[in-house]
Amino acid sequence: EKGGYEHFMMKEICEEPAVLKATISPRVRDGQIQFEHFKLTDEMVKSCEKINIIACGTAYHAGMVGKYAIEKLARIPVDVDVASEFRYRDPMVNEKQITIVISQSGETLDTLMALREAKKKGSHTVSIVNVVGSSIARESDDVLYTWAGPEIAVASTKAYNTQLAVLYLLALKFAQIRGTVDDETIRYYIDQLMQIPDHMETVLQDKEAIQRFAAGHYNARSIFFIGRNLDYALSMEGSLKLKEISYIHSEAYAGGELKHGTIALIEDGTLVICPMTQDALFEKMVSNIREVKARGAVVLAIAAEKHLDEAEKAADAVITIPNIDPLLAPIVAVTPLQLFAYYVSVMKGNDVDKPRNLAKSVTVE
Ligand code: M6R
């Protein structure tokens with residue numbers, strides 16, 4: 001059932017190109033984005049005053065990326081919330097808001113309860129779910145499935161990539177309806193999205209480079225991730241993946257926050273992983289890398305191929321991803337981080353697919 005792989009997690013990472021294709025392609029027809037049986041009307045999208053995104057864990061990190069994409073393309077303000085916080089704070093939700101709920105399993109109790117809360121307050125709810133017919137899928141007004149197939153490993157991988165794909169499609173759809181971007185831009189992003197499965201293949205071909213890097217660091221006591229903008233959201237996910245299966249302490253910070261305390265944690269030899277996929281903030285990240293290296297950090301950068309030379313000058317090691325529009329980069333750049341967590345976990349002899357203290361589906365509070 002593991003299809004020749006040693007662990008489900010590796011099998012699921014290797015499925016990413018195929019499942020992304022399955023998630024994106026059917027929704028793109030004649031240069032338009034189409035969602036089947038979608039009840040959310042254009043009028044509702046046009047009059048929407050705010051979007052709430054609610055999820056837990058990895059799905060919450062996907063939501064952080066969704067916020068950037070929706071705000072940038074559709075110019076609708078977005079709040080992203082951890083479901084267990086949202087549900088207990090008497091959230092200010094009304095019928096002029098759209099609530100997007102993200103869940104791989106569709107059974108996470110806090111997320112389900114938050115969905116009910118949003119519905120009760122009159123918000124139209126759209127869920128992004130992987131398991132067909134699950135509770136969250138059934139109870140939301142609209143469901144957009146991620147066609148990732150069964151995800152068995154506790155650490156979520158391919159589900160995250162596909163959640164991002166659906167969020168980008170939604171952001172583009174909303175932008176088209178609200179007229180916040182022109183048709184040419186929509187076509188450009190659709191074209192970029194369609195190239196992603198091929199880019200994923202390229203990233204996977206480079207697995208061994210990540211494995212070699214992991215071999216030098218699996219005994220680390222603490223590993224930090226820093227990034228800006230979408231790379232900050234990505235850093236949060238890379239750090240979570242590493243913690244849950246490697247049991248190494250890890251934290252993620254926004255690059256600009258270093259000076260506000262975090263940099264005190266950097267010692268000689270501390271590994272800092274720096275995604276730097278956002279062209280507009282590339283130089284800012286180079287400065288952040290200099291700051292941590294001056295305190296003894298060892299830096300692994302994740303950068304686009306076109307930035308290889310500059311990244312190599314700044315960091316100790318570089319993993320490249322294919323050149324892709326920065327807005328869509330997290331979908332591709334997360335995979336090296338998933339692979340890094342995987343290899344560290346294997347090298348430590350951990351139970352990769354069933355890490356200690358964790359369950360695949362959290363159906364209790
Ligand atoms: O099934 P869900 O997407 O609702 O699950 C949410 C989290 O429990 C889940 O993403 C968790 O954080 C993963 N183990 C992370 O890899």
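How far is an oxygen atom of the ligand from a polar backbone atom of Ser156? The legends below describe a predicted model, and the first of them takes up this question.

**View 1. Polar backbone atom of Ser156 beside the ligand.** In this view, the distance between a polar backbone atom of Ser156 and an oxygen atom of the ligand is 2.8 Å. The ligand taken alone exposes 420 Å², of which the protein buries 90%.

**View 2. Side chains of Ser105 and Thr108 beside the ligand.** An N or O atom in the Ser105 side chain is placed 2.7 Å from an oxygen atom of the ligand. For Thr108, a polar side-chain atom and an oxygen atom of the ligand are separated by 2.4 Å. Ser105 and Thr108 are listed among the closest residues around the ligand, together with Ser103, Gln104 and Glu244.

**View 3. The pocket and the shell around the ligand.** The ligand takes up the space of the largest pocket. Two or more residues of the shell come from each of helix H4 (57-74) and helix H11 (230-246). In total, 14 residues surround the ligand. Sorted by class, the shell consists of 7 polar, 5 nonpolar and 2 charged residues.

**View 4. Lys243 in helix H11.** Lys243 belongs to helix H11, an element that also gives two or more residues to the shell around the ligand. Lys243 counts as partly exposed because its relative accessibility is 35%, a value between the limits of 20% for buried and 50% for exposed. The C-alpha atoms of Lys243 and Ala341 are 8.0 Å apart in space, while the two residues are 98 residues apart in sequence.

Note on methods
Residues are numbered from 1 along each chain as its sequence is written. This is a predicted model: local features need pLDDT of at least 70, side-chain atom pairs count only at pLDDT 80 or more; totals for chains, interfaces and linings use all residues. Side-chain values use heavy atoms; hydrogens and water are left out. A residue is near a molecule or strand if one of its heavy atoms lies within 4 Å of it. A polar contact is a pair of N or O atoms within 3.5 Å; within protein, one must be able to donate a hydrogen and the other to accept it, and residues adjacent in sequence count only if both atoms are side-chain atoms. Accessible areas come from the Shrake-Rupley method with a 1.4 Å probe; for residues, only the protein chains shown count as cover. On a 1 Å grid over the protein atoms alone, a cavity is a set of points where a 1.4 Å probe fits but cannot get out, and a pocket is an open set with protein on both sides within 12 Å along at least five of seven lines; lining residues have an atom within 4 Å of a point. A molecule sits in a cavity or pocket if more than half of its atoms lie within 2 Å of its grid points. Helices (H or I, at least four residues) and strands (E, at least two) are DSSP runs, numbered from the N terminus. Ala, Val, Leu, Ile, Met, Phe, Trp, Tyr, Cys and Pro count as nonpolar, Asp, Glu, Lys and Arg as charged, and the others, Gly among them, as polar. Buried means under 20% relative accessible area, exposed over 50%, partly exposed in between (1.4 Å probe, protein chains only).
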